[in-house]
Amino acid sequence: MNRSKKLKVAILGSGNIGTDLLVKIMRSDYLECTYFVGRNEESHGIQRAKNLGVRTSTNSIDTLIEHADSYDLVFDATSATGHIIHAPILKALGKMVIDLTPSNIGEMCIPAVNIDSCIHLDNINLVTCGGQASIPLVYAIAQTQKDIQYIEVISSISSKSAGPATRHNLDEYIETTENAIRKFSGCDEVKTIINLNPAEPCIDMQTTIMAIVANPDIVKLQQFLDHTVAYIQKYVPGYQLIMTPTVENGRLIIMVKVKGRGDYLPQYAGNLDIINCAAIAIAEEYAQKKVERGAFI
Amino acid sequence: MKHLLISDPTLRDGSHAVQHQLSLENILFYAEYAEKVGIPILEVGHGNGLGASSLQLGQSLVSDSELLENCRLKLTNTKLGIHVIPGFATIHKDLKNALDIGVDVIRVASHCTEADITKRHIEYCRQHDREAYGVLMMSHMVSAAVLVEQAQKMESYGAQAIIIMDSAGALLPSDVYEKISNLVQNLNIPVGFHAHNNLGMAIANSLEAIRAGATILDGTLRGFGAGAGNAQLEVLVAVLHKMGFDTGIDLYQLLDFADLAERTFITTPHINSVSVISGLNGVFSGFAKPVERIAKEYNVDPKDIFFELGQRKVIAGQEDFILEIALSLSQKGLNISE
């Protein structure tokens, strides 16, 4: 595919998430970043975009309103409060939106689970980093087990990978992840725990699922997981199952580790990498669907 | 006579010792006596605090609501306290309810480097006119300077006291003196100390904290607490009285109460070999019971698990790592010989 046929995307938010997305897009066969929009000229993200030859602006959403013809899809990497303002504006402009904030506006999407039922929607929400890591496993349990009484998700991330917004929004992280577990499992009794570990060198993101299931069918679960994990690894190469389904003290336990790609963010920030990888996977799928429909020249 | 504030987390820290299976009957028996002997603050709940009942940490026999509602009815002069760790408990799901029930003292805790995650919980308690303390756990893992910086953040959020926890029972008296004296010099709010006894230092460290300027101490009856237990409350009170401090607690009634509680439900912790290794490796005391169980199941040495947990600098809340480590030790063939 030549350059002119790539899907034009804009990134809103020049922080760590937005900048890492940009680096990933530069590598994409299907996406081209035509606008990198922030608020602060001095920010590292804006400087990085300039060096990469990407058009930048510090007028945030106003730029996207003014230059609405320069892009088809927007990644919102600002904040939940930011997206509440941006969502109706981008909808009126008829743009596809992938929301990386916990705004709870768009349909929750986990590429390995429900990309096909989301791809036609104009606002897609990426839940949380813990949600991206855990929901495919939760879904695997839901699809293979009967009588699921309870599901719990525990994530440990390195302190350095948790910025001020994450720290301020731990409650929202927990409650959003719990809503997603309920939605994708159909189980009402759920719990989410998050630990920030300051160890140096920084730890990789690790997520554990613990469930109470009447008579666990481990063979069936493992078969399902083999497919799920292989699928996720296509868009998150550093995703690995470190404990296959194990029953201990009445608990069904699965554990994964997420190593980041180390694009803009360091490798230990697997929690940030996985949500960005999911965003790219959705945007690329959308771009390919558009090609199939002949929407590109 | 100088007054010291004693806070009693027997029913919270002791919860670890029985895998969070304290019965409501025993809890209420304890609360009634705590009021009678003049315990100033009684802290109750799951070992890891409010909202921590889970497969990861152990499910509580009695729910937070049931526990707090019933304890509230038993306490008049003794304040009802809870321990709250953001990351387990949210304001909306857990803290609001506890405040509605009428909890008096909320101790909002984080790992010793993560004070900023306590901001919203502390502010919420203060906005609702409750007493809120900041708690820094696993304090052996960082220097006095880092503790000061973290405690100052909590103070700026509105914390009315800072409690330093030696969660792993890893500190020696000289460490305690250095940490506490720096905090006392750099904070405008009272400083307290919570000891564990892995290295037999619980009472000595508590006294050292007082010498460094602390004015709040935690102690549990018979030392009933996670791992090797805490500073033994009745011994602590006896020693403090002998030193000329006032605690407001009736020592002789407390001693009778301790005998009675031991006959009823309290198991007196002791320092076993695993506790020593846990303390030397600086691992959270609450790991003792799950390590004991999992080591037995996978036929590996609990000391090896503690060593590896220490190597990985695992913190409270990461109990899932125990199973992963036990499995990998067992796969490497590092089983205990029969």
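Helix 8 of chain A, residues 170-185, is a good place to start: its 16 residues reach 22 Å from the first C-alpha to the last, close to the 22 Å expected at 1.5 Å a residue. Please keep in mind that this is a predicted model. The predictor gives the complex an ipTM of 0.96 and a pTM of 0.95. From that helix, the tour below moves to the contact between the chains, and then to each chain in turn.

**Helix 8 of chain A**
- Among the buried residues of helix 8 of chain A are Leu170(A), Tyr173(A), Ile174(A), Ala180(A), Ile181(A) and Phe184(A).
- The buried set of this helix also includes Asp171(A) and Glu178(A), along with Thr176(A), Thr177(A) and Ser185(A).
- Just past the end of the helix, Gly186(A) adopts a positive phi of about 75 degrees.

**Where chain A meets chain B**
- The contact between the chains brings together 27 residues of chain A and 25 residues of chain B.
- On the chain A side, helix 8 appears again, as one of the elements that each supply at least two residues; helix 7 (164-168) is another.
- Strands that also supply at least two residues each are strand 8 (148-158), strand 9 (190-197), strand 10 (205-213), strand 11 (239-248) and strand 12 (251-258) of chain A.
- Which strand of chain A gives the most to the side that touches chain B? Strand 9 does, with six residues.
- By class, the chain A side of this contact holds 13 nonpolar, seven polar and seven charged residues.

**Domains of chain A**
- The domain assignment splits chain A into domain 1 (3-105) and domain 2 (129-268).
- Between the C-alpha centres of these two domains of chain A the distance is 28 Å.
- Eight residues of domain 1 of chain A are in contact with nine residues of domain 2 of chain A.
- The side of domain 1 of chain A that touches domain 2 of chain A consists of two nonpolar, four polar and two charged residues.
- An unreviewed UniProt entry places "domain: Semialdehyde dehydrogenase NAD-binding" at residues 8-121 of chain A.
- That span of chain A, residues 8-121, is 41% helix and 21% strand, and its end C-alpha atoms lie 17 Å apart.

**Domains of chain B**
- Chain B has an average pLDDT of 97, and 99% of its residues score at least 70.
- Its assignment gives domain 1 (5-264) and domain 2 (273-331).
- The centres of these two domains of chain B, taken over C-alpha atoms, are separated by 24 Å.
- Their contact takes 22 residues from domain 1 of chain B and 16 residues from domain 2 of chain B.
- On the domain 1 side of this contact in chain B, the residues divide into nine nonpolar, 13 polar and no charged.
- UniProt, again in an unreviewed entry, carries the annotation "domain: Pyruvate carboxyltransferase" for residues 4-255 of chain B.
- Residues 4-255 of chain B are 42% helix and 16% strand, with end C-alpha atoms 19 Å apart.

**A closer look at Asp218(B)**
- Asp218(B) sits in strand 8 of chain B, which covers residues 216-218.
- Why does Asp218(B) count as buried? Asp218(B) counts as buried because it has 30 C-beta neighbours inside 10 Å, where 20 or more are enough.
- Leaving aside residues up to four places away in sequence, Asp218(B) touches Ser7(B), Pro9(B), Gly192(B), His194(B), Asn230(B) and Ala231(B).
- Phe193(B) is 25 residues from Asp218(B) along the chain, and 6.4 Å separates the C-alpha atoms of the two.

Note on methods. Residues are numbered from 1 along each chain as its sequence is written. Chains are lettered from A and ligands numbered from 1 in the order in which they are written. This is a predicted model: local features need pLDDT of at least 70, side-chain atom pairs count only at pLDDT 80 or more; totals for chains, interfaces and linings use all residues. UniProt positions are given in the numbering used here, feature names are shortened, and annotations may be inferred rather than shown by experiment. Helices (H or I, at least four residues) and strands (E, at least two) are DSSP runs, numbered from the N terminus. The expected span of a helix is 1.5 Å times one less than its number of residues. A residue is buried if 20 or more other C-beta atoms lie within 10 Å of its own, exposed if 12 or fewer, and partly exposed in between; C-beta atoms are placed from the backbone. Domain bounds come from an automatic or database domain assignment. Two residues are in contact if their C-beta atoms, placed from the backbone, lie within 7 Å. Ala, Val, Leu, Ile, Met, Phe, Trp, Tyr, Cys and Pro count as nonpolar, Asp, Glu, Lys and Arg as charged, and the others, Gly among them, as polar. pLDDT is the predictor's confidence in each residue, from 0 to 100.
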